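Student: I have a predicted model open in front of me, and I would like to take a careful look at one part of it. Could you take me through the largest pocket, and then through the elements that surround the description of it?

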Amino acid sequence: MPLAVCATPIGNLEDVTLRVLRELAEADVVLCEDTRHTRGLLERHGIAARLVSYHRHNEAARTAEILPRLLAGERVALVSDAGLPGVNDPGARLVAAAIEAGAPVTVLPGPSAVPTALVLSGFASERYQFLGYLPRGEKALRALWEELAQWPHPAVAFESPKRLPGALRTLAEVSPERPVAVCRELTKLFEEVVRGPAGEVAARLSEPPKGEITLVVGPRQVAEEQVDSLQTAAEVVAELVADGVPRKRAVDLVGRVVGVSRNALYRRSL
């Protein structure tokens with residue numbers, strides 16, 4: 001049987017798939033980050049299962065213990081407290097060990113705070129960056145925000161309520177007009193999203209809020225003169241295409257001369 005990596009609700013206990021519930025009910029053992037947390041989910045859905053703790057403090061020992069049982073044919077399910085195991089949660093070590101040992105692995109998809117917050121922020125686009133948990137030191141935070149100042153797409157991060165005001169303050173110092181969305185208690189009763197320029201949101205959330213936080217940093221704002229340059233370049237591309245030059249070639253030539261993003265220019269020229 002494959003190792004079944006199961007996504008679980010990030011808040012609302014009804015946000016679990018029928019497939020995950022069936023897998024947890026039929027598994028010989030369910031590895032979970034916190035047995036008490038997982039037991040609450042199972043009791044909510046009338047499921048009894050054998051639970052074994054699997055967290056960052058025992059991950060290595062537990063992997064060595066479980067792998068032979070998995071290879072012997074036992075049905076093993078893996079969950080974390082919320083979302084998908086292995087993404088900023090325990091699980092990656094066991095998945096890698098199973099693959100290396102030749103054991104099959106399957107993922108049962110479901111809730112995740114990252115795409116949920118990204119869509120809810122209003123900043124969703126074809127590209128984004130996931131940052132995981134933000135660095136703790138102010139120097140490291142500032143370096144990250146300065147790096148992101150050159151990144152034109154949205155970025156999603158996790159942060160503790162206690163450290164959120166400091167993270168927002170340093171972001172506001174580097175990029176005060178950068179749009180952000182602070183998503184709190186996603187899918188829960190008191191779900192809330194605070195949106196606005198970093199400077200304004202930092203002032204509004206100067207004290208630690210309550211609940212779990214997912215921070216979305218919006219796309220970099222493009223200056224008006226850059227928009228004008230892109231439009232002019234797109235018009236030149238259109239003229240070259242009309243004269244028989246392949247669009248990709250025209251975009252490459254004009255992009256190099258004008259100094260604009262060729263991806264953005266290609267999309268604008270369509």
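Tutor: Let us begin with the pocket itself, keeping in mind that this is a predicted model. The largest pocket has a volume of about 1,000 Å³, and its lining is made up of 42 residues, with Ala82, Asp89, Tyr133, Phe158 and Glu212 lying nearest the centre. Sorted by class, that lining holds 21 nonpolar, 11 polar and 10 charged residues. Several elements each supply at least two residues of the lining, namely helix H2 (35–44), helix H5 (113–121), strand S6 (129–133), strand S7 (155–159) and strand S10 (213–217).

Three of these elements, the strands S6, S7 and S10, lead us to a sheet. It is an open sheet of 5 strands in the order S6-S7-S10-S8-S9, and its pairing is mixed. S6 and strand S9 (192–197) are the edge strands, each of them pairing on one side only. On average, and with direction ignored, neighbouring strands of this sheet are turned by 15° against each other. Within the sheet, strand S8 (residues 179–184) and S10 run antiparallel and are joined by 5 bridges, and you can find Ala181 standing opposite Val216 in S10. Helix H5, which we met as a contributor to the pocket lining, lies across S6, S7, S8, S9 and S10, and runs at about 55° to S10.

There is another sheet to trace in the model, and it is again an open one of 5 strands, this time in the order S3-S2-S4-S1-S5 with parallel pairing. Its edge strands, which each pair on one side only, are strand S3 (51–53) and strand S5 (105–108). Here neighbouring strands are turned by 25° against each other on average, direction ignored. Strand S1 (residues 3–6) and strand S4 (residues 76–79) run parallel and are joined by 2 bridges, with Val5 standing opposite Leu78 in S4. Helix H1 (residues 18–26) packs on this sheet, where it touches S1, strand S2 (29–32), S4 and S5, and its direction makes about 130° with that of S5. Helix H4 lies across S1, S2, S4 and S5 as well, running at about 155° to S1.

H4 (residues 92–101) also packs with helix H3 (residues 59–71), at an angle of about 40° and with the two axes 10 Å apart, in a crossing that is right-handed. On the H3 side the contact involves Glu59, Ala60, Thr63, Leu67, Leu70 and Leu71, and these meet Ala92, Arg93, Leu94, Ala97, Ala98 and Ala101 in H4. Taken together, the residues of this contact divide into 9 nonpolar, 1 polar and 2 charged.

Definitions and conventions
Residues numbered from 1 in each chain as written. Predicted model: local features only at pLDDT ≥ 70, side-chain atom pairs only at ≥ 80, totals over all residues. Heavy atoms only, no water. Axes fitted to C-alpha atoms, helices over the stretch in contact; angles between N-to-C directions. Helix = DSSP H or I, 4+ residues; strand = E, 2+ residues; numbered from the N terminus. Left-handed = near helix turned anticlockwise from the far one by under 90°. Contact = heavy atoms within 4.5 Å. Nonpolar A, V, L, I, M, F, W, Y, C, P; charged D, E, K, R; others polar. Pairing = 2+ DSSP bridges. 1 Å grid on protein atoms, 1.4 Å probe; cavity = no way out; pocket = protein on both sides within 12 Å on 5 of 7 lines; lining within 4 Å. Points joined across faces, edges and corners; volume = space filled by probe spheres on them.
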